[in-house]
2 protein chains.
Amino acid sequence: MATIEDVAKLAGLSRATVSRVINNHPYVTEKKKQLVYQAMKELEYYPNSSAQRLRKQRTDAIAVLVPSLTNPFFPFLIEGLEMVAVENGLQLLICQTHHNKEKELSFLNLLQTKQVDGLIFTSIENDWETIASYQECGPIIMCNEYKSESPVPVVRLDQVKGSYKGARHLIEKGHKKVAYCGGTKGELGADRLKGFKTAMEEFKLDVREEWMFRDSPSIECGKKILREITSMENRPTAVFAGSDEIGVGIIKEAKSLGLRIPEDIAVIGFDDLPIAELVEPPLTTIRQPIKDMGKKTMEIMTSMLAKQSTNNEKQVYELPIQLIIRESV
Amino acid sequence: MATIEDVAKLAGLSRATVSRVINNHPYVTEKKKQLVYQAMKELEYYPNSSAQRLRKQRTDAIAVLVPSLTNPFFPFLIEGLEMVAVENGLQLLICQTHHNKEKELSFLNLLQTKQVDGLIFTSIENDWETIASYQECGPIIMCNEYKSESPVPVVRLDQVKGSYKGARHLIEKGHKKVAYCGGTKGELGADRLKGFKTAMEEFKLDVREEWMFRDSPSIECGKKILREITSMENRPTAVFAGSDEIGVGIIKEAKSLGLRIPEDIAVIGFDDLPIAELVEPPLTTIRQPIKDMGKKTMEIMTSMLAKQSTNNEKQVYELPIQLIIRESV
DNA sequence: TTAGTTTATGAAAACGTTATCGTGAATAAG
DNA sequence: CTTATTCACGATAACGTTTTCATAAACTAA
């Protein structure tokens, strides 16, 4: 492989001049520029990234931590992140944590070893205490999931309001016995639950413990939840699902057991992924502006990188959330 | 940030010895090892990746080119790739080409600039001629999509056989008028079409040009296709869909127009993604062992990296394909 | 003219590692 | 008691860039 030295020799110039041409620095005569280009072409020269990164002390790469790519929510989020990233010449390093604390930490290590300039959490497994120290290695942003104790910029939705809207919709359709499912580990999950409870309490409705499900967001879990519900003596008439995947699983299993939706059991989802529209009946759900979250997040990242701020000033960007009424409620 | 030099000084040793400890080289006394560990801890030292990569002439990173992550096929494929990658200490660089030739080339550039040691195509936009020269920069493998003129290892399915099976299933269910949809740009698409045609010809059935659709694999396209079909005077009674997404789109739209499936129109998909099971009625489809393809591919990659072979011996690994009968045919 | 800028280049010093080589000391082999 | 071998370490030279710094030439202003 050709190096900058080879190019310099062939062009009859110094490494410095070649470097200046590569990086579009001023003060190089057109003539020599052409000489360099020609030599680069002839030798099929491409600068070695590791050397550049080492010297420049910059990688122009950002790590994006997602729990899993098979949950379609995250590919959409990445779509948004990527749009702004490419505009700014940034490379994305997509890292799947699979909800694993150790993996998450190993990805934080990318920041310490200077493999990336910044890092974005879209979900978070460890305590903030554990993560805090990594801040000095570069900008960290939270997108989607959040921790109130974290002194970093956050791009998120008002989950409380979102789930309140959803719950209220169920209630206004006449449901008094409503089950809830959704993770409650993170703060996001907790807030969703909060919004749900607020609506229920406002209408003086019971939030019964046996109607609470804290499973992970997957179709399988949705199916399981429905089976549990049908086996109950005192059954809820509606389910508030913490994700479209769960909602879809519930609908699917309900139908295979011969239940009608929404007559026998109503379901509301969360996210508004393509599958929401696909099931029969289509899932009423709470839409998150996923792509916009991604874009906004990356905009903040680029501005932080530009002003070199390993920002630990907390800023919260809240995006709007919207109820999409279809036929499952 | 602390460097290896700082660690060496604090431990009262040379950089060389510290490096030996970091890389688990033999011939370091336990005593000094401990000194080094202690110093590293005290200084919160982490080796600079760029420096390591530059010096070692190795990145332990592999680029994976996918068209898009929002097509769930690829996250599953990545799942398989990743499993084997982490076992071997390799990092995955996931690159979305969005079916764009220029982007694809820009990702190939990762190989030239030594940002990755090898590269995996799961789809391919450019001619092989254009790509060929990149081979000397490191091992290239094709997974899923393939080009017969490419002298690199290929992990794939027998697409001809797969679509033959599917088409035959439709025919055996009594369908004589069968529409086909699926991309025909790549060789994979061409082979699928070939299998389809083989079955049709075997049963002396017409492959009518107006029943051929060459759209991209998305739910929207499926919907569009169905609308076109319903507007025809001479309608097919069954559709061979080139992907589950298309199949699902067709089913969805058919139902919203009041058509019964499979009575009014039968549909068969390809891939066996989770959505296939979700629609009503569940989609009969041709299952690809996606994860296994990923695993096999990464195994080949690691072995190529191990024996330093910028392999240009063609080897074809064909994985089994299976018809999953549900209710849409 | 002369002094002061701007322009154009190269030499050499970083950036932070690891690999090679050399050199003793310790151990083993005869 | 030599003479090989193995072991344990440090100096130093890479790896391939970019960024000073120095210098000279070419303009500009007086």
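# A tour from His98(B) outward

Start by selecting His98(B), which is partly exposed, with 14 other C-beta atoms within 10 Å. The model on screen is a predicted one. His98(B) sits in the loop between S2 and H6 of chain B. Its phi is near 50°, a positive value in a residue other than glycine. Most residues other than glycine have a negative phi.

Next, select Lys114(B), in the loop between H6 and strand S3 (118-121) of chain B. Lys114(B) also has a positive phi, about 65°, although it is not a glycine. Is Lys114(B) buried or exposed? With 22 C-beta neighbours inside 10 Å, Lys114(B) counts as buried, because the cut-off for a buried residue is 20 or more.

## The contact between chains A and B

Now show both protein chains. The contact takes 33 residues from chain A and 33 residues from chain B. On the side of chain B that touches chain A, the elements giving two or more residues are H4, helix H5 (73-87), strand S2 (91-96), helix H6 (101-112), helix H11 (244-256) and helix H12 (274-278) of chain B. By class, that side of chain B has 17 nonpolar, nine polar and seven charged residues.

## The two DNA strands

Select DNA strand D and the residues around it. There are 26 of these, and the nearest are Ile4(A), Ser19(A), Ala51(A), Ser14(B) and Thr17(B). Chain A supplies at least two residues of this surface from each of helix H1 (4-11), helix H2 (15-22) and helix H4 (49-56), and chain B does so from each of helix H2 (15-22) and helix H4 (49-56). Which element gives the most to the surface near DNA strand D? H4(A) does, with five residues. The surface near DNA strand D is made up of 11 nonpolar, eight polar and seven charged residues.

Move to DNA strand C. Here 27 residues lie around the strand, and Ser14(A), Ile4(B), Ser19(B), Asn48(B) and Ala51(B) come nearest. Two or more residues of the surface near DNA strand C come from each of H2 and H4 of chain A and helix H1 (4-11), H2 and H4 of chain B. H4(B) has the largest share of this surface, five residues. The classes near DNA strand C are 12 nonpolar, eight polar and seven charged.

## The largest nonpolar core

Select Ile62 and Val64 in both chains. The largest nonpolar core has 174 residues, and Ile62(A), Val64(A), Ile62(B) and Val64(B) touch the most other members. To see one of these in its setting, centre the view on Val64(B). Leaving aside residues up to four places away in sequence, Val64(B) touches Ile78(B), Leu81(B), Leu92(B), Leu93(B), Ile94(B), Cys95(B), Ile120(B) and Thr122(B).

## A sheet of six strands in chain B

Stay in chain B and colour the strands of its open sheet, whose order is S7-S6-S8-S9-S10-S12, with mixed pairing. Strand S7 (212-213) and strand S12 (322-324) of chain B are the edge strands, each pairing on one side only.

Zoom in on strand S6 (residues 178-181) and strand S8 (residues 238-241) of chain B, which run parallel and are joined by four bridges. Ala179(B) has Val239(B) as its bridge partner in S8(B). Three bridges then pair S8(B) with S9(B), also in the parallel sense. There, Phe240(B) has Ile268(B) in S9(B) as its bridge partner.

Why is S9(B) largely enclosed by the rest of the structure? Six of the six residues of S9(B) are buried, so the strand is largely enclosed. Add H11(B) to the view: this helix lies across S6, S8, strand S9 (266-271) and strand S10 (284-287) of chain B, and runs at about 155° to S9(B).

## Two cis peptide bonds in chain A

Switch to chain A and select Ile261(A) and Pro262(A). The peptide bond from Ile261(A) to Pro262(A) is cis, with omega near 10°. Pro262(A) is in the loop between helix H11 (244-256) and strand S9 (266-271) of chain A.

Then go to Glu280(A) and Pro281(A), where the peptide bond is again cis, with omega near -5°. The loop holding Pro281(A) runs between helix H12 (274-278) and strand S10 (284-287) of chain A. Most peptide bonds are trans.

## Last stop

Finish at Ser106(A), in helix H6 (residues 101-112) of chain A. Ser106(A) counts as partly exposed, with 13 C-beta neighbours inside 10 Å. Draw a distance from Ser106(A) to Gly222(A): the two are 31 Å apart in space, C-alpha to C-alpha, and 116 residues apart in sequence.

Note on methods. Residues are numbered from 1 along each chain as its sequence is written. Chains are lettered from A and ligands numbered from 1 in the order in which they are written. This is a predicted model: local features need pLDDT of at least 70, side-chain atom pairs count only at pLDDT 80 or more; totals for chains, interfaces and linings use all residues. A residue is near a molecule or strand if its C-beta atom, placed from the backbone, lies within 6 Å of it. Ala, Val, Leu, Ile, Met, Phe, Trp, Tyr, Cys and Pro count as nonpolar, Asp, Glu, Lys and Arg as charged, and the others, Gly among them, as polar. Two residues are in contact if their C-beta atoms, placed from the backbone, lie within 7 Å. A nonpolar core is a set of buried Ala, Val, Leu, Ile, Met, Phe, Trp, Tyr and Cys residues joined through C-beta atoms within 7 Å. A residue is buried if 20 or more other C-beta atoms lie within 10 Å of its own, exposed if 12 or fewer, and partly exposed in between; C-beta atoms are placed from the backbone. Two strands pair if DSSP finds at least two bridges between them. Axes are lines fitted to C-alpha atoms, for helices over the stretch in contact, and angles run from 0 to 180 degrees between N-to-C directions.
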